[in-house]
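Please work through the exercises below with the sequence and the model side by side, and try each task before reading its solution.

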Amino acid sequence: MTVYNDDTANDVSVRTPSRLDPETPEKPYLDSNELIINMGPQHPATHGVLRVILKLDGEKVLGTECIIGYLHRGVEKIAENRTYTMFNPYVDRMDYVAAVSNGLGYCEAVEKLMNVEAPPRAKYIRVILTELNRIASHQLWLGTHALDIGAMTPLFYTFRDREEILKIFEKYCGARLTTHAFRIGGCQYETYAGFEKDVKNFLTFVAPKIDEYEELLTTNRIWLERTKNVGVISAADAIALGVTGPVLRASGVKWDLRKAQPYAAYSDFEFDIPIGENGDTYDRYLVRMAEMRQSLRIIEQAVNKIPEGPIMGKVPKVIKPPVGEIYHSIEAPKGELGYFIVSDGSTQPYRLRVRPPSFVNLQALDIMVRGLLVADVIAVIGTIDIVLGEVDR
Amino acid sequence: MPNFVMSYLDPSVTGTPGAAGSQFWALIYVFIIFTGVSVAVMAMNWLERKALAHFQIRLGPMRVGPHGLLQPIADAIKLALKEDIIPAEADQFVFWVAPLIGLLAAFAVYVVIPFGPSQAVSDMNIGILFMLGVSSLGVLGIVVAGWASNSHYPLIGALRSSAQMVSYEVAMGLAVVSAILMTSMNASGTGTLSMIGIVQAQQQQGIWFIFKFFPLGFIAFGIFAIAMVAETNRAPFDMAEAESELTAGYHTEYSGLRWSLFMLAEYAAMISVSAIAITLWLGGWMRPFPNLLHAPAWDFIFSLFPGLTFLGLAAIAFIGTVRMPAHSFFRIQRAGLAAFAAVLGFIALLLLVIAVAGRSADASLAARFNQGIGYVYWFVLKVAVFMYLFIWYRATWPRYRFDQLMRIGWKVMLPIALGVLMLTAIVGVMVS
């Protein structure tokens, strides 16, 4: 894999000692003072149907065990029984708050397998929609994360502004959440009249709104106390666990697939990769807030220089990739979303494996919360930004 | 009987409300306060939902009655009719008695709260001590509820609540003591623990205690204002019932009427602690500038305020009636809101008539009514400001973590409260 070259790139200096070490003293799990609490799958703050078994000493967390699968639909197995085209809408149902990213990853993976390329205009449309979706995903994360920590109001602000993005999606492809926006080889729909105006209006609309969220939280004393030094994960631990996305970047690793392995049209745009220092909840918050602003930058550039031309590449009516296998990953809002497809030359994938960012990032929960309090578990679940549809598939 | 009324309304009979009447009048007051607080809790319920909704760019209840005005009544009926569930594993008797303890503690505080110089159930000479003791009992209801539920989340909620109580009672008590010290800044040098006496001391010294020995009074008030939020388990200190962490905290297993008793107790406690803060630092029932602007003309102007307030509310309701969509769907709502406006307008008119009729300072019934209304009005207005602050806090701030709250209580507020107490004593001695 190519590594993004920068002076600070992959400077995995361990700022905090690793918590994966076996040296970390383990509390005896059979202590008579310990309390075992079953949090979820029906719990207001587990973001769906995550079940966490907490081993507590008073309120101190001794260990956690995540139990998943309550939302398992067998998406990967379904793929084996559907044609490539028919499976496309299913990927929207994984990370349903960032359906566009899922679709982008899948379509690009199949395109790569078939050795076709989407035309430039389609790529630009993809970038615009994907970045809009990134903002929407981060807004939803911010609202629910703040709600978990006790601030009710940001939720409503973010949902109000996310609505504008969903309106653009609805106008573009008719759906708001599970958009099915892209097709293998390009996009099915040309942009509607006024699309660019809508997007530009959104850019001017949302920039001050992001300041508004920050006004409520960034310097808020309680917010700082609740998020600083909470759920710390060192860069080395994050890499060891395969954590990606904002959680990895908040630990100080400058790793963003949009720069590291540019896909779609990302190499055409200028943007920064915000990184954090301490790898705590507050840094992850700052990184995501900065990412929303960077997404605005990308969208602005993309809208301004969107090329004319066809939106569909030269793909046959029946998608029949040659025998072979491919792994293609993109930077979804939550981290590296990868698709591994094995083709046996038929119209259906022989095997399709999804590498969901939420699932991998969720592994970090245990070392992030060990030794903290129950309230921090909630904050950390929120900050990892999981979507159970993607964890369970 | 009229003599009873007259003597009871007479502000010159201060300090001894019971003397005028007898237990009969105390009973009447108990009845009035119980209904009044219950109605206030319902109003507060509606206001909180509406105000919170508007903070959060929502509308809040809009369906039950015009602008959801009847929502609290609908809620009350719903809660009263719900199935009464006691978990099989729960300690039945304790589970049953826990909400009553909370309710009792919340309402018992009202015994010493003076709505006016003689508008109180009783003028206990250890009023503030009684308040501190009884309001602390409220946590017993929470702890017992959490324990009796025999479930993990309620248990943790109850533990949090008791730890919170221990952390904040001390700083709160010290802040109260510094206010009591200030009452002794008079010729005789003796202070008072009586709630009515504390307000009168502020009147005699011509200053609200929040401004006394600035900034000492202000800091003490600030400590009390923070501690009272923690004491009532409200955001940002609502970790006892932290929804996102403990589902519903100590009342997770409660439903229906019992749950509503907890809510009633919580809101009653909010009102009572606000009333205490007002009594100790913000001049209790006194209108603004009672000594500076004490001419009869000023008295008259200030006595118009209650009527004008109701007139304003009536105007708002009337505007709402006019602006309601013309669709026939809103016919009943429009009529209801118009009737509500009319009732408010009638009350406003009545209050204005009393204000005009009772503007002379004689001992006529109207004048005494006028004064009594003034006391209660200013008191309730100050309480309302505090209630709004409670909602505002909830809309704005995230929740503190349990250990952080304890740290603030012990390491920040307690030393500050001690320092303020000592400085108040030193300054008081130096001044006198």
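**Exercise 1.** Determine how many residues each chain gives to the contact between chain A and chain B, and describe the side that belongs to chain B.

*Solution.* In this predicted model, the contact takes 25 residues from chain A and 24 residues from chain B. Turning next to the elements of chain B, those that give two or more residues to the side touching chain A are helix 7 (152–183), helix 10 (243–246), helix 15 (365–396) and helix 16 (402–431). Sorted by class, that side of chain B has 12 nonpolar residues, together with six polar and six charged ones.

**Exercise 2.** Decide whether the radius of gyration of chain A agrees or disagrees with that of a compact globule.

*Solution.* Begin with the expectation: for 393 residues, a compact globule would have a radius of gyration near 21 Å, and because chain A has 21 Å, the two agree. Then consider the interior, where buried residues account for 54% of the 393 residues in chain A.

**Exercise 3.** Describe the open sheet of three strands in chain A and find the helix that lies across strand 2 and strand 3.

*Solution.* The strands follow the order 1-2-3 with antiparallel pairing, and the edges are strand 1 (34–39) and strand 3 (60–67) of chain A, each of which pairs on one side only. From one strand to the next, the twist averages 20 degrees. Strand 2 (residues 51–57) of chain A pairs with strand 3 of chain A over seven bridges, and Leu54(A) stands opposite Thr64(A) in strand 3. Finally, the helix is helix 14 (residues 374–384) of chain A, which runs at about 150 degrees to strand 2 of chain A.

Terms used:
Residues numbered from 1 in each chain as written. Chains lettered and ligands numbered in written order. Predicted model: local features only at pLDDT ≥ 70, side-chain atom pairs only at ≥ 80, totals over all residues. Contact = placed C-beta atoms within 7 Å. Helix = DSSP H or I, 4+ residues; strand = E, 2+ residues; numbered from the N terminus. Nonpolar A, V, L, I, M, F, W, Y, C, P; charged D, E, K, R; others polar. Rg over C-alpha atoms; globule rule 2.2 N^0.38 Å. Buried ≥ 20, exposed ≤ 12 C-beta atoms within 10 Å, placed from the backbone. Pairing = 2+ DSSP bridges. Axes fitted to C-alpha atoms, helices over the stretch in contact; angles between N-to-C directions.
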